Amino acid sequence: MTDFDKIIIADLDVKRMQMSHAASKGLHRSMFGQFRQILTYKADWYGKEIILADKHYPSTQRCSACGHIKTGDDKITLAGNAKHGTRHHEYICYECGFVGDRDENAVANLLTLLN
Ligand SMILES: [Zn+2]
C-alpha cells in the first residue's frame with residue numbers, strides 16, 4: 001500500500017461483495033466497516049490520504065467518457081438494465097455510445113474525484 005498516495009473506497013463496494021443470499025448482507029456490511037477502519041488506521045500510519053466517495057456519488061451510473069449520468073429507466077441495477085437489455089457487467093452509454101466494463105467504468109469515475 002506504500003505505492004499509493006491516495007486510496008478511494010466507496011460504499012458501492014459493499015454491493016459487489018454481497019452474496020446473493022439476503023442473510024449475508026448484514027455480515028458483509030459489517031465486514032466492510034471493519035475493513036474501512038483498518039484501512040483508515042493503516043493509511044494514517046503511513047501518512048496516506050483516504051478519500052471516501054459519497055455513497056450518493058453516481059460512480060455506477062456515470063459515463064466515464066462523457067460524464068452523462070443515467071436516470072430513471074436507463075439506470076443500471078445489479079441485474080443490468082431491463083429496458084435496454086444490458087447485462088450486469090456492462091456499461092453502455094446511451095448518450096455517446098461508450099461501451100465498457102461496468103466496474104472499470106465505476107473505477108474511472110472514482111478516479112476523477114482525485115482531480
Ligand atoms: Zn457517454
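This is a conversation about reading a predicted model of one chain with a zinc ion.

Colleague: I'm new to this one. Which helices and strands should I look for, and how many are there?

Modeller: Start with the order of elements. This is a predicted model, and its chain has 3 helices and 4 strands. Going from the N terminus, they run β-α-α-β-β-β-α.

Colleague: What share of the residues is buried?

Modeller: Of the 115 residues in the chain, 30% count as buried. As for the surface, the chain exposes about 7,800 Å², and 54% of that comes from carbon and sulfur atoms.

Colleague: How do I read the contacts along the chain? What part do residues 24 or more positions apart play?

Modeller: Take the contacts with a separation of 6 or more: residues 24 or more positions apart account for 55% of them.

Colleague: Now the metal. Which residues coordinate the zinc ion?

Modeller: Look for the donor atoms around it. Here they are the SG atoms of Cys63, Cys66, Cys93 and Cys96, at 2.3 Å. Along the chain, these donors follow the spacing C-x2-C-x26-C-x2-C. One pair links distant parts of the chain: Cys66 lies in the loop between strand E2 (49-53) and strand E3 (90-92), while Cys96 lies in the loop between E3 and strand E4 (99-101), 30 residues apart.

Colleague: Why is the arrangement around the zinc ion called tetrahedral?

Modeller: Check the angles. The ideal for four tetrahedral donors is 109.5 degrees. In this model, the 4 donor atoms subtend angles of 106 to 112°, so the arrangement is tetrahedral.

Colleague: Are Cys66 and Cys96 buried or exposed?

Modeller: Neither label fits, because buried means under 20% relative accessible area and exposed means over 50%. Cys66 has 41%, so it is partly exposed. Cys96 is also at 41% and counts as partly exposed.

Colleague: Where would I find a nonpolar patch on the surface?

Modeller: Go to Tyr41, Trp45 and Tyr46, which form one with about 430 Å² of accessible area together. Trp45 sits in helix H2 (residues 24-46). Its relative accessibility is 65%, so Trp45 counts as exposed.

Colleague: And Tyr57? Which residues does it touch, leaving out those up to four places away in sequence?

Modeller: First place it: Tyr57 is in the loop between E2 and E3. With that exclusion, Tyr57 touches Arg62, Asn109, Leu110, Thr112 and Leu113. Tyr57 and Asn109 are 52 residues apart along the chain, yet their C-alpha atoms are separated by 9.2 Å. At a relative accessible area of 21%, Tyr57 is partly exposed.

Note on methods. Residues are numbered from 1 along each chain as its sequence is written. This is a predicted model: local features need pLDDT of at least 70, side-chain atom pairs count only at pLDDT 80 or more; totals for chains, interfaces and linings use all residues. Side-chain values use heavy atoms; hydrogens and water are left out. Donors are N, O and S atoms within 2.8 Å of the metal (3.2 Å for Na, K and Ca); water is not among the atoms, so sites may look incomplete. Four donors count as tetrahedral if all angles lie between 85 and 135 degrees; four count as square planar and six as octahedral if opposite donors are over 155 degrees apart and all others between 65 and 115; anything else is irregular. Helices (H or I, at least four residues) and strands (E, at least two) are DSSP runs, numbered from the N terminus. Buried means under 20% relative accessible area, exposed over 50%, partly exposed in between (1.4 Å probe, protein chains only). Patches are made of residues with over 30% relative accessible area and no salt bridge: like charges are joined within 9 Å, nonpolar side chains (Val, Leu, Ile, Met, Phe, Trp, Tyr) within 5 Å. Accessible areas come from the Shrake-Rupley method with a 1.4 Å probe; for residues, only the protein chains shown count as cover. A salt bridge is a side-chain nitrogen of Lys or Arg within 4 Å of a carboxyl oxygen of Asp or Glu. Contact means heavy atoms within 4.5 Å.
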